[in-house]
Amino acid sequence: MTHTAHSHSHDAEPMTDFSRASWEAKYREREALWSGQPNAPLVDEVENLAPASALEVGCGEGADAVWLATQGWQVTGVDLSATALARAQVHAEASGVSSHVTFTDRELSAVIADHGPWELVTSMYTHPGEGGRWLVETLAAAVAPGGRLLVVGHHPTDPHAAEHPDLARSAFAAEDVADVLDRSEWEVSASIRERVTMVEAGHERLWRDAVLVARRH
Ligand SMILES: C[S@@+](CC[C@H](N)C(=O)[O-])C[C@H]1O[C@@H](n2cnc3c(N)ncnc32)[C@H](O)[C@@H]1O
């Protein structure tokens, strides 16, 4: 994404429209952008919770939303890319959980206003143009009392993020984005999570994730 170009424009479309076109083009370039497997931090944080309703923001091709649905969650998946969401729908149908997931490319704030709140609100590596603090603030408003917010992104010291200018710009530390949460209302855990995966060429990749888990009183 070329955020810089956007920020120089005086008469620009909203950031989300810009990001929408950019993500849509990225998905169209490839048959599949992601692995189809759920993200490890999501599985770790959620697998022992009793399923209820969940909002997943930046759900992409739907691997996490489908995994949540197979665990019994009733999921609303939001993404900017219609192409990604069409793939997510196919994935849900093939997994036999389409009655447990609804995908939408509507504007996040409208979805929250019309359908919130949810017991679980989650977002994995979304890195919206509006920034991590905006994301946490927006998603916090969608969490039901007693519910949970889980936001994971690339930490600024993640080697992969550091090599990609767009990611380097949007990477965040969990404690920084957690700042927007009122601690009298939220119990907050902000951490760095490291893991190593094999990449295609047989090389290992180190991930340094920023992990924010917040429980609403
Ligand atoms: C790096 S991908 C991650 C996809 C998926 N969560 C995963 O981990 O495989 C980021 C996704 O967030 C979506 N996205 C970015 N900004 C968004 C916003 N403001 N509202 C909804 N989705 C957004 C993009 O369209 C893209 O599919």
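Reader: How many bridges join strand 6 to strand 7, and do the two run parallel or antiparallel?
Author: Keep in mind that this is a predicted model. Strand 7 covers residues 204-216, and its direction against strand 6 is antiparallel. The number of bridges joining the two is 13.

Reader: Which residue in strand 7 stands opposite Glu187?
Author: Glu187 has its counterpart in strand 7, the strand that spans residues 204-216. The residue opposite Glu187 is Arg215.

Reader: Which residue in the hairpin of strand 6 and strand 7 takes a positive phi?
Author: This hairpin has 5 residues between the strands. One residue of the hairpin has phi near 90 degrees, and that residue is Gly202.

Reader: Is Thr197 buried, partly exposed or exposed?
Author: Thr197 is found in strand 6, and its bridge partner in strand 7 is Arg205. Leaving out residues up to four places away in sequence, Thr197 touches His203, Glu204, Arg205 and Trp207. Its relative accessible area is 26%, and buried would need under 20% while exposed would need over 50%, so Thr197 is partly exposed.

Reader: How far apart in space are Thr197 and Met124?
Author: In sequence, 73 residues separate Thr197 from Met124. From C-alpha to C-alpha, the distance in space is 17 Å.

Reader: In what order do the 7 strands of the open sheet come?
Author: The pairing in this sheet is mixed. Its edge strands, each pairing on one side only, are strand 3 and strand 6 (186-198). Neighbouring strands are turned against each other by 15 degrees on average, ignoring direction. Reading across the sheet, the order is 3-2-1-4-5-7-6.

Reader: Which residue in strand 2 is the bridge partner of Glu56?
Author: Strand 1 (residues 53-57) and strand 2 run parallel, with 5 bridges between them. For Glu56, the bridge partner in strand 2 is Gly77.

Reader: Through which helix does the chain cross from strand 1 to strand 2?
Author: This is a β-α-β crossover, and its hand is right-handed. The helix on the way spans residues 63-70 and is helix 4.

Reader: How many residues of strand 2 are buried?
Author: Strand 2 takes in residues 74-78, which makes 5 residues, and the strand is mostly covered. Buried means under 20% relative accessible area. The number of its residues that are buried is 4.

Reader: Which residue in strand 3 pairs with Val75 as its bridge partner?
Author: Strand 2 and strand 3 (residues 101-104) run parallel and are joined by 4 bridges. In strand 3, the bridge partner of Val75 is Val101.

Reader: What is the hand of the crossover from strand 2 to strand 3?
Author: Here the chain goes through helix 5 (residues 82-94) in a β-α-β crossover. Its hand is right-handed.

Reader: Why is helix 2 called oblique to helix 5?
Author: Helix 2 (residues 15-29) packs against helix 5 with the axes 7 Å apart. Angles under 35 degrees would count as roughly parallel and 65 to 115 as roughly perpendicular. The angle falls in neither range, so helix 2 is oblique to helix 5 at about 55 degrees.

Reader: Which residues of helix 5 make the contact with helix 2?
Author: By class, the contact has 3 nonpolar, 1 polar and 3 charged residues. Helix 2 brings Glu24, Tyr27 and Arg28. From helix 5 come Ala82, Thr83, Ala84 and Arg87.

Reader: Is Ala86 buried, partly exposed or exposed?
Author: Ala86 sits in helix 5. Its C-alpha is 9.7 Å from that of Gly60, with their places 26 residues apart in sequence. At 45% relative accessibility, against limits of 20% and 50%, Ala86 counts as partly exposed.

Reader: What is omega of the cis peptide bond between Gly116 and Pro117?
Author: Most peptide bonds are trans. Pro117 lies in the loop between helix 6 (108-115) and strand 4 (118-124). For the cis bond joining Gly116 and Pro117, omega is about 0 degrees.

Reader: What is phi of His127?
Author: His127 lies in the loop between strand 4 and helix 7, and it is buried, with a relative accessible area of 6%. Most residues other than glycine have a negative phi. His127 has a positive value, near 45 degrees.

How values were computed: Residues numbered from 1 in each chain as written. Predicted model: local features only at pLDDT ≥ 70, side-chain atom pairs only at ≥ 80, totals over all residues. Heavy atoms only, no water. Buried < 20%, exposed > 50% of the residue type's maximum accessible area, 1.4 Å probe, protein only. Pairing = 2+ DSSP bridges. Right-handed = clockwise from strand over helix to strand, strands pointing away. Axes fitted to C-alpha atoms, helices over the stretch in contact; angles between N-to-C directions. Parallel < 35°, antiparallel > 145°, perpendicular 65-115°, else oblique. Contact = heavy atoms within 4.5 Å. Nonpolar A, V, L, I, M, F, W, Y, C, P; charged D, E, K, R; others polar.
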